[in-house]
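This report covers one helix pair and the nonpolar cores of a single model. Look at the structure first, then read on.

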Amino acid sequence: MKIVVIGGTGLIGSQLVQQLQEAGHEAIPASPNTGVNTLTGEGLNEVLQGAQVVVDVSNSPSFADEPVMHFFRTSNEHLLPAEKAAGVQHHIALSVVGTQKLQASGYFRAKQVQEDLIKASGIPYTIVHATQFFEFARGITQMSQAGDQVVLPDAQIQPIASKDVATFLASVASAAPANKILEIGGPEQFDMNAWIQQYLQATHKNNEVLTSSTALYSGAPLETDTLVPEAPAYLGATTYADWITQPGNLR
């Protein structure tokens, strides 16, 4: 099949393109780097010609409320009609476990708009809700830092390796549209503070890690189980302990 990967040069997209190509598909990475811009519509008609499947793993360059809403709304208002005109048979989008519970956050409100546009498009679809990637430990630490302390919500997390996300997306791209949300996560649940403590130890940082019932996550309050899947369709095989020992993963 011809499969177009929107955001195909990023963390997930580049791994997904490689896996699809190794499986024998014509996988095309589509991003501003390759002349395809969903914000302007540039290159969409050309790259979608003859495509059976589109996988959208793109993300906003800014997480501020207005820019992130503009990104997801405008990108999908260009992408979905172009797909329909090209006869695309399956639209797959990567989203986040807990999106519907995190609407106090501008980022997750924008992701909800994206999902709603997909459902209303008339194109058969699968939305994949993934838990946080192992690669996000650094960013979560930085956004939770207060001086020398890292203050985290008192919540559970079930992070997953990005390569396992790409593996699942590759399998979805070869399957029939589910026309629903599929949840995926990593093989282990952690208290968020225990996961970040492992990251800090592995990167030789000495920050004190604290938990607080009032700490926010991306601007939104968390329940204990907001970031863990309720009924996962897939659990990644890679453990965090194995992942952090692999060269380059903690850069």
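The crossing of α1 and α6 is right-handed. The model is a predicted one. Helix α1 spans residues 11-22 and helix α6 spans residues 162-173. Their axes lie 9 Å apart, at an angle of about 50°. An angle of that size makes α1 oblique to α6.

Which residues of α1 and α6 meet? From α1 come L11, I12, Q15, L16, Q19 and L20. From α6 come S162, K163, V165, A166, T167, L169, A170 and A173. By class, this contact splits as follows.

| Class in the α1 and α6 contact | Count |
|---|---|
| Nonpolar | 9 residues |
| Polar | 4 residues |
| Charged | 1 residue |

Now the cores. Nonpolar side chains tend to be buried together in soluble globular proteins. Here the largest nonpolar core holds 29 residues. W195, I196 and Y240 have the most contacts inside it. Several elements give two or more residues to this core: α3 (65-86), α4 (106-120), α5 (137-143), β7 (149-153), α7 (192-202) and α8 (240-243). The most comes from α7, with 5 residues.

What does W195 touch, leaving out residues up to four places away in sequence? Its partners are F133, F134, F136, A137, I140, I157, P159, F190 and Y240.

Another core lies apart from this one. That second core has 25 residues, including I12, L20, L94 and L182. I12 and L20 are also among the α1 residues that meet α6.

Methods
Residues numbered from 1 in each chain as written. Predicted model: local features only at pLDDT ≥ 70, side-chain atom pairs only at ≥ 80, totals over all residues. Heavy atoms only, no water. Axes fitted to C-alpha atoms, helices over the stretch in contact; angles between N-to-C directions. Helix = DSSP H or I, 4+ residues; strand = E, 2+ residues; numbered from the N terminus. Parallel < 35°, antiparallel > 145°, perpendicular 65-115°, else oblique. Left-handed = near helix turned anticlockwise from the far one by under 90°. Contact = heavy atoms within 4.5 Å. Nonpolar A, V, L, I, M, F, W, Y, C, P; charged D, E, K, R; others polar. Core = buried A, V, L, I, M, F, W, Y, C linked by side-chain atoms within 4.5 Å. Buried < 20%, exposed > 50% of the residue type's maximum accessible area, 1.4 Å probe, protein only.
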